[in-house]
Amino acid sequence: MVDPPALSPRLSQVHTVAVVGTTLWLLGAAALLILWAVLGRHLDIWFTTCVAGALIGGFGYGIFSWQRATARRGSRMAQQGLE
């Protein structure tokens, strides 16, 4: 069985990927909110999806930060290999 290739260093940095992804969801929600205010476009499933993506990304980043802090403190139960 062949092992899959490793991710590039750019994609294996959880901090960067989480921040960029959450920011993109926030920008999408802001753009749809501007369209609603200026053009009267309805806030539909696209807006809800962007808000949910931003909230889930923020929640996930919070968990990642918490795990990283416990790993730095040296907790025995902490996840290993976090940057």
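Which residue follows α1, and what sign does its phi have? In this predicted model, the residue in question is G40, and its phi is positive, near 75°.

The helix that leads up to G40 is a good place to start looking around. Helix α1 takes in residues 14–39, 26 residues in total. From its first C-alpha to its last it reaches 37 Å, close to the 38 Å expected at 1.5 Å a residue. Some of its side chains are tucked away: T22, A29 and L32 are buried in α1. Part of the cover over the buried residues of α1 comes from α2, which spans 45–73.

T22 gives a closer view of that cover. This threonine sits in helix α1, and its relative accessibility is 14%, so it falls under the 20% cut-off and counts as buried. Leaving aside residues up to four places away in sequence, T22 touches A54, G57 and G58.

Helix α2 also has something of its own to show. A search of the whole structure turns up one aromatic pair. The partners are Y61 and F64, with ring centres 6.1 Å apart; their planes meet at 45°, so the pair is classed as tilted. Both residues belong to helix α2, where they are three residues apart, about one turn of the helix. How buried or exposed is each partner? Y61 is partly exposed, because its relative accessible area is 24% and the partly exposed range runs between 20% and 50%. F64, on the other hand, is buried, with a relative accessible area of 7%.

Notes. Residues numbered from 1 in each chain as written. Predicted model: local features only at pLDDT ≥ 70, side-chain atom pairs only at ≥ 80, totals over all residues. Heavy atoms only, no water. Helix = DSSP H or I, 4+ residues; strand = E, 2+ residues; numbered from the N terminus. Expected span 1.5 Å × (residues − 1). Buried < 20%, exposed > 50% of the residue type's maximum accessible area, 1.4 Å probe, protein only. Contact = heavy atoms within 4.5 Å. Phe/Tyr/Trp six-rings, centres within 6.5 Å; stacked < 30°, edge-to-face > 60°.
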